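Take a look at the model below. This report walks through its salt bridges, its sheet and its overall build.

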Amino acid sequence: MATEQQPSDAATDSESPHAGAPDAYHDLLDRYRQVTYLQDGGMVLSWDQQVMMPEGGTPARSKQQSALSSVGHEKLTADAVGDLLDDLDGADLTDEQAAVVREIRREYEREASVPQDLVERISEETSNALPVWEQAREESEWEQFAPKVETLLELKREYAAHIDPDADPYAVLFADYEPYLDLEVADRVLTRLREELVPIIDAIAESDVTLAADAFDDEYDPDIQEEVARDALDELGYPWEHGRLDRSTHPFSTGNQFDARVTTRFDPENPVDALSSTVHEFGHATYTLGLRDDEYGTPLGSHRGLSVHESQSRLWENHVGRSAAWWEHFLPTFAEHFPSAEDLTPRDAFEAANQVYDDNLIRVEADELTYHMHIVLRYEIEQDLVHGDLDVADVPGVWNEKMEEYLGIRPENDATGCLQDIHWSHGSFGYFPTYTLGSVLAAQLYAAAEDDIDDLEGKISRGEFDDLHDWLTENVHRHGAKYETNELVKQATGEEFTADYFLDYVREKYGTLYDLDL
């Protein structure tokens, strides 16, 4: 978790990874830090827009965001940055210094290829698109949001063409979120999970086992649910002096190692959903807070990418928050707030939290198995949209057909179908595959943590989370962006990135739950 150490703009200590570097290195870092600070300022404005800003504030906010993006882009792509990178080409640098230069060079080369006016337009359009999506979702009318999607698609295709006109534009966009596991890896993992999870899901549907799916069949006041969510964050060790919990239309986390905020939403009929999303966002926040304080503003103090980021949220949500050990520990706290749960057993709560649903339309409420069919659906639609093989107007129909094909259900309206996610309002085409990559990596990391931490399950059942926090900080968080994704995985687990652990984990867990030989 974050310490009280203050951020530094100039590392000169003899033990610093920057000590002894050429003057060009220090000058480069000074310039890059300014870019990071501007980006972080933009994230706070985005958080405010999604959580607290008055509805009428969008016209001004879109201009503010555009200005910050423009200044940040200008600073990052300045000729002086290119000159400094040229000066450092072949310089005698430490491993950490070389990693910093690698990361800044990658960002510089991508950003420098994109015209500044395009950066401004994308930023302004995404800010304007958010309230349109919120209203369209509320009124369940894709037609309201479709023009914004068309505009953002056009802008993002143009953006991708500037970066690499010869590459698959979707692969270019995907690389914004996962720079080192290429799209072929994502495609291979998604294909494997689609092939291997569907038979498991089918076997569960045919199982005679009935889980305690109705364990939380009651009305749950959202305000009291928020108290439960805060208690869960307390138990997990969320440092309130470095964060806060708020409500938003779509749960998210944002911030840096000194200020990492989380949001969630509450369904009066499904308290497990809010609890799961809160623990999920805690996972994001604890990664952010675990980054090195003394490297704030540099790649060593930045996350590795969204696949790794998502691995942290999925690890805490699924391997901790959906575990039998967690419910053994947390159910008494839940029952203190909701007396109707006093007669529940930890086993009841565990079964309810892990029920495989055959009628779940919403991705963020999905179980661990069908969740990935939701991702496959979005992945395929996104690619067709970006490639121009699918008209925006046809998205609802295609979405519904794929839902029926992959999950056996059909949305009754756009709100529970193609309007349920916020990502396209952000222009985040290419983001969705990182959710599955993160889930796969979470299982691999958790297996390694279990090998290293004595009685990890017992510790979770007793509410002792420090050892897991420390293991993740030591093996993942503190490295920032020092390593490329696969190298970080090897450093942490001793093996290259693989889906084997995830598939082993779900076979063991759901085979036991449903009395199946998977």
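In this predicted model, the side chains of R121 and E158 meet in a salt bridge, with 3.8 Å from N to O. The two residues sit in distant parts of the chain, 37 residues apart. R121 belongs to helix α5, and E158 to helix α6, which covers residues 142-163. How open to the surroundings are the two partners? R121 has a relative accessibility of 37% and counts as partly exposed. E158, at 30%, also counts as partly exposed. Both values fall between the 20% limit for buried and the 50% limit for exposed, so neither end of the bridge is classed as buried.

Helix α5 takes part in another bridge. E124 pairs with K63, and their closest N and O atoms are 2.8 Å apart. Again the link spans distant parts of the chain: E124 lies in helix α5 (residues 116-139), K63 in helix α2 (residues 58-76), and 61 residues separate them. E124 has a relative accessible area of 21%, so it is partly exposed.

A further bridge joins a strand to a helix. R247 and D223 form a salt bridge with closest N and O atoms 2.7 Å apart. R247 lies in strand β1 and D223 in helix α9, so the bridge ties together parts that are 24 residues apart in sequence. R247 is partly exposed, at 36% relative accessibility.

Here are the pairs side by side.

| Salt bridge | N to O distance | Separation in sequence |
|---|---|---|
| R121 and E158 | 3.8 Å | 37 residues |
| E124 and K63 | 2.8 Å | 61 residues |
| R247 and D223 | 2.7 Å | 24 residues |

How many salt bridges are there in total? The count comes to 36. Some residues are joined in a network of salt bridges: E96, R292, D294, E295 and K482.

Now turn to the sheet. Three strands form an open sheet, in the order β1-β3-β2, with mixed pairing. The edge strands are β1 (245-247) and β2 (253-256), and each of them pairs on one side only. From one strand to the next, the twist averages 20°.

In which sense do β1 and β3 pair? They run parallel, and three bridges connect them. Strand β3 covers residues 259-264. L245 stands opposite V262 in β3.

Helices pack against these strands. Helix α10 (residues 271-290) packs on the sheet and touches β2 and β3. Its direction makes about 165° with that of β3. Helix α9 (residues 222-236) lies across β1 and β3. It runs at about 150° to β1. Helix α9 is also the home of D223, the bridge partner of R247 in β1.

Finally, step back to the whole protein. It has 20 helices and three strands. Why can it be called as compact as a globular protein of its length? Its radius of gyration is 23 Å, and the globule rule gives 24 Å for 518 residues; the two are close, so the protein is as compact as a globular one of that length. Along its principal axes, the C-alpha trace spans about 65 × 55 × 45 Å.

Of the 518 residues, 58% count as buried. The protein exposes about 20,900 Å², and carbon and sulfur atoms supply 42% of that area. What about contacts along the chain? Among those between residues at least 6 apart in sequence, 75% join residues at least 24 apart.

Definitions and conventions: Residues numbered from 1 in each chain as written. Predicted model: local features only at pLDDT ≥ 70, side-chain atom pairs only at ≥ 80, totals over all residues. Heavy atoms only, no water. Pairing = 2+ DSSP bridges. Helix = DSSP H or I, 4+ residues; strand = E, 2+ residues; numbered from the N terminus. Axes fitted to C-alpha atoms, helices over the stretch in contact; angles between N-to-C directions. Contact = heavy atoms within 4.5 Å. Salt bridge = Lys/Arg side-chain N within 4 Å of Asp/Glu carboxyl O. Buried < 20%, exposed > 50% of the residue type's maximum accessible area, 1.4 Å probe, protein only. Rg over C-alpha atoms; globule rule 2.2 N^0.38 Å. Areas by Shrake-Rupley, 256 points an atom, 1.4 Å probe, with all protein chains shown as cover.
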